[in-house]
Amino acid sequence: MKYFRDSPWLWPCMAGLLMSTLAPAVHAQTVDVEAAEYLARKSHCTKCHAPAKERTGPALKTIAEKYRGREDAVAALVKHITTGPKIVIDGEEETHKTVQSQDEAQILNLVRYILSH
Ligand code: HEC
């Protein structure tokens with residue numbers, strides 16, 4: 001045991017252990033693109049939003065850029081797509097569409113998908 005602490009293998013070993021415990025946390029942040037696109041289609045978001053082109057609504061890229069580096073990005077987008085805020089389209093006030101899911105994980109996945117553009 002006396003030699004264990006001085007072993008050249010100990011630190012690489014510890015680093016490996018640390019990485020394997022951190023990996024799942026990092027993984028949880030990755031986006032399930034297919035699920036996000038499915039939910040966006042199902043909720044008719046794609047009628048007004050495209051990845052890179054401005055339609056009736058801003059492009060997902062434009063939204064992601066607006067929120068880049070903002071700590072409140074996820075919270076703000078979740079609020080925007082779940083509470084139906086008032087927006088103005090062609091001079092007419094409308095209620096923004098809400099996402100067709102009650103599942104928090106699915107909603108967060110869609111928000112991370114939008115912000116990943
Ligand atoms: C009828 C067209 C229309 C549909 C359908 C629509 N949106 Fe929007 N969306 C807009 C417009 C217009 C804006 C810009 C509103 C503004 O900035 O006042 C917007 C803004 C946004 C924003 C940016 C909010 C911000 O704070 O800048 C997000 C995110 C968003 N929409 C997501 C979605 C999602 C998700 C869906 C589907 C559930 C959806 N939209 C459906 C028209 C639409």
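## A guided tour, starting just after α2

Begin at H44, which sits just after α2 and takes a positive phi of about 65 degrees. Helices here (H or I, at least four residues) and strands (E, at least two) are DSSP runs, numbered from the N terminus. Before moving on, note that this is a predicted model, in which local features need pLDDT of at least 70 and side-chain atom pairs count only at pLDDT 80 or more, while totals for chains, interfaces and linings use all residues. Residues are numbered from 1 along each chain as its sequence is written.

**The whole protein**

Zoom out and color by secondary structure: you should find 5 helices and 2 strands, following the pattern α-α-α-α-β-β-α along the sequence. Of the 117 residues, 12% count as buried; a residue is buried if 20 or more other C-beta atoms lie within 10 Å of its own, exposed if 12 or fewer, and partly exposed in between, with C-beta atoms placed from the backbone.

**Stop 1: helix α2**

Select α2, residues 33–42. Its buried residues are A36, L39 and A40. Look down the axis of α2: these buried residues fall within an arc of 100 degrees, so they line one face of the helix. The arc is that of the directions from the helix axis to the C-beta atoms. Turn to the face away from the buried side and you will meet the exposed residues E34, R41 and K42.

Now click on A40. Leaving aside neighbours within four places in sequence, A40 is in contact with C45, T46 and L110; two residues are in contact if their C-beta atoms, placed from the backbone, lie within 7 Å. The buried residues of α2 pack against α5, so let's go there next.

**Stop 2: helix α5**

Select residues 104–115 for α5. This helix has 12 residues and reaches 16 Å from its first C-alpha to its last, close to the 16 Å expected at 1.5 Å a residue (the expected span is 1.5 Å times one less than the number of residues). Highlight I107, L110, V111, Y113 and I114, the buried residues of α5. Seen down the axis of α5, they fall within an arc of 160 degrees, so they line one face of the helix. They pack against α2, α3 and α4, whereas the face turned away carries the exposed residues E104 and A105.

**Stop 3: L77 in α4**

Move to α4, residues 73–82, and pick L77. Why does L77 count as buried? Because 20 other C-beta atoms lie within 10 Å. Not counting residues up to four places away in sequence, L77 touches V111, I114 and L115. Try a distance label as well: L77 and L108 are 31 residues apart in sequence and 9.1 Å apart in space, C-alpha to C-alpha.

**Stop 4: the nonpolar core**

A nonpolar core is a set of buried Ala, Val, Leu, Ile, Met, Phe, Trp, Tyr and Cys residues joined through C-beta atoms within 7 Å. The largest one has 13 residues, and those with the most contacts inside it are A36, L39, A40, V99, L110, V111 and I114. The elements giving two or more residues to this core are α2, α4 and α5, and α5 gives the most, with 5 residues.

**Stop 5: the ligand**

Finish by centering on the ligand. Which residues are closest? Of the 22 that surround the ligand, the closest are S43, C45, C48, G57 and K97. A residue counts as near if its C-beta atom, placed from the backbone, lies within 6 Å. α4 supplies the largest share of this shell, 4 residues.
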